Structures are given as C-alpha cells and as structure tokens.
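Student: Hi, could we go through this structure together? I'd like to start with a small detail and then move on to other parts.

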Amino acid sequence: MIFDSHAHYLSTAFDDDRDTLLTALFGGKVSGIIESGTTVSDSREALALADRYPSLWAAVGIHPQEAATFTDRDIDELRVIASHPKAVAIGEIGLDYHYEDGAPRDIQHRCFRAQLALARELSLPVVIHDRDAHEDTLTILKEYSPEGVVHCFSGSVEMAREVLKLGMHIGIGGVVTFKNARKLVEVASEMPLDRLLLETDAPYLAPVPLRGERCDSSMIIHTASTIAALRGMTTDEVLRIAEENARRLYRF
Ligand code: NI
C-alpha cells in the first residue's frame with residue numbers, strides 16, 4: 001500500500017476530477033494521504049476534505065510564500081482549526097528564498113517561528129518547507145527542536161545528518177528519481193530507514209518515468225522502487241516502512 005505524506009489535492013490542477021481521482025486512489029493501492037495546507041483558509045478546506053475521506057488527514061499552516069500578509073491573528077485562527085481531530089500537524093511552514101519577489105525574509109522568519117511555537121504549545125509535529133534557505137531553516141529548527149519532517153528534502157548529506165540529529169524525519173519525493181538528483185540519492189542511500197517518509201507534493205514533481213505529468217499519490221510506487229534499488233530492498237518493504245513511520249509520527 002502507498003502512504004502519501006504530503007500532497008495538495010486542493011490545487012486547481014485537480015478541479016476537474018478531484019473526487020473521482022481521490023475515490024479511485026483510495027479504492028486502489030493508496031492507504032493514506034496527508035493534505036498540506038498553505039494558508040489559513042485552504043487549511044480549513046483541507047480539513048473539510050479530510051471530513052469526507054476517512055484516509056485523508058491534514059496539516060494546517062501558512063506556507064512561507066504566503067507569509068507576506070501574516071499577522072498574529074492567523075495564529076489564533078490556526079490554533080482553533082488545529083483542534084480538529086484530523087489536523088495531524090502544523091504545516092507546511094518554513095522558509096523559501098527562491099523567489100526574489102517572495103515574502104520578505106523577516107516576515108517569513110516571524111511567521112515560521114510563531115507556527116513552531118504553536119506546534120510546541122499544541123504538541124503537534126511540523127511539516128517543514130525549505131527552499132534555498134537551508135542554513136536559516138536549520139538554525140531556527142535548532143531553536144525549537146520540533147518533532148516532524150523536512151518535506152521534499154533538498155539539502156546536502158551534512159544537512160540531513162543535522163536534521164536527523166534533531167530527531168526529525170526526511171520526506172523524499174519524486175526528485176530522487178531524477179537524473180541530476182545526486183545529493184538526494186546519497187541521502188536516500190544513507191539515512192536510517194525509520195526516519196523516511198515518502199511523499200508526492202502532488203500535483204508537482206511526478207517521478208520518472210512520469211516526470212512532467214500531473215502527479216498523484218499512486219506514482220509514489222516509482223519513488224519507492226528507486227529507493228528500494230538503492231538500499232537492496234523490495235519496493236513493498238520501503239512502502240511499508242514509510243507508512244509505519246508516517247503513522248507513528250502523525251499518531252494514527
Ligand atoms: Ni507542498
């Protein structure tokens with residue numbers, strides 16, 4: 001079975017067939033999905049989606065690209081929606097320095113820290129987004145040492161070691177199947193398996209041989225088989241371990 005620890009089925013890419021697709025996925029090999037929120041309002045929608053699908057849970061939080069308008073009132077709202085029984089994490093939260101015209105870094109830092117504090121207050125794990133911001137992400141994580149996962153991990157082996165030292169998990173997605181994924185291949189080969197989560201980040205980052213297509217959770221099979229080959233295991237073993245890890249981290 002496939003457990004997708006990070007997806008965005010609320011994306012407009014799924015507007016034409018969201019329910020048909022989710023019904024087909026859960027009727028097939030997919031045993032669970034975590035829908036990741038990016039704003040307060042889409043975190044609410046993620047929980048509404050979770051209410052309709054027994055095997056879909058949600059992370060609630062404000063993505064760093066959405067942090068420009070962040071205020072403390074958002075934290076009060078997140079605190080309320082995080083009490084929903086299917087809200088299993090605060091996420092995705094973090095830092096994104098990729099876009100020149102993205103949210104100013106000082107606001108990203110404030111938004112990130114406030115949500116890490118909220119996660120600590122509520123004893124919830126966190127889902128971390130780090131794009132081109134490895135050093136600052138790690139520095140701030142060390143201040144809070146949360147439980148959780150660095151999703152769609154893109155750092156070096158050295159950074160992976162630091163993340164593991166904090167007790168956190170590493171989320172690996174379709175990128176590990178890409179030809180130029182040397183660093184991530186190294187991380188996937190070396191990391192302890194009990195910290196591995198598999199994810200899609202659907203609709204983005206479909207694995208090879210489906211690269212470029214709209215991604216959905218069933219495609220994790222290709223990510224798992226790449227990791228299985230690196231580790232000398234079967235694809236089913238990798239899938240099973242990743243699912244156990246996700247269920248342990250998110251406590252269901
Ligand atoms: Ni995401």
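Student: Is L205 buried, partly exposed or exposed?

Tutor: Keeping in mind that this is a predicted model, L205 counts as partly exposed because its relative accessible area is 31%. L205 lies in the loop between β8 and α8, and its phi is near 60°, a positive value in a residue other than glycine.

Student: Why would anyone point out a positive phi?

Tutor: It is pointed out because most residues other than glycine have a negative phi. D132 is also listed with a positive value, its phi being near 55°, and D132 sits in the loop between β5 and α5.

Student: OK, new topic. Which residues coordinate the nickel ion?

Tutor: The nickel ion is coordinated by H6 and H8, each through NE2, by E92 through OE and by D201 through OD, at 2.1 to 2.3 Å.

Student: What is the arrangement of those donors called?

Tutor: The arrangement is irregular, because the angles subtended by the 4 donor atoms around the nickel ion run from 86 to 172°. Among the donors, H8 and D201 link distant parts of the chain, since H8 belongs to the loop between β1 and α1 while D201 belongs to the loop between β8 and α8, 193 residues apart.

Student: And are H8 and D201 buried or exposed?

Tutor: H8 is buried, and D201 is buried as well.

Student: Back to E92, where is that one found?

Tutor: E92 is found in strand β4, which covers residues 87-96, and a cis peptide bond with omega of about 0° joins G91 to E92. A cis peptide bond also joins V208 and P209, with omega of about 15°, and P209 is in the loop between β8 and α8.

Student: How do α8 and α9 cross?

Tutor: Their axes come within 8 Å and cross at roughly 110°, so α8 and α9 are roughly perpendicular to each other. On the α8 side the contact involves I220, I221, A224, S225, I227 and A228, which meet T235, V238 and L239 in α9. By class, that contact has 7 nonpolar, 2 polar and no charged residues.

Student: Last one: which residues does L56 touch?

Tutor: Leaving aside residues up to four places away in sequence, L56 touches L22, F26, I33, E35, A46, L49, A50 and K86. L56 counts as buried because its relative accessibility is 0%, and L56 is found in strand β3, residues 56-60. Although L56 and E35 are 21 residues apart in sequence, their C-alpha atoms are 7.0 Å apart in space.

Technical notes
Residues numbered from 1 in each chain as written. Predicted model: local features only at pLDDT ≥ 70, side-chain atom pairs only at ≥ 80, totals over all residues. Heavy atoms only, no water. Donors = N, O, S within 2.8 Å, 3.2 Å for Na, K, Ca; no water. Tetrahedral: all angles 85-135°; square planar, octahedral: opposite > 155°, others 65-115°. Helix = DSSP H or I, 4+ residues; strand = E, 2+ residues; numbered from the N terminus. Buried < 20%, exposed > 50% of the residue type's maximum accessible area, 1.4 Å probe, protein only. Axes fitted to C-alpha atoms, helices over the stretch in contact; angles between N-to-C directions. Parallel < 35°, antiparallel > 145°, perpendicular 65-115°, else oblique. Contact = heavy atoms within 4.5 Å. Nonpolar A, V, L, I, M, F, W, Y, C, P; charged D, E, K, R; others polar.
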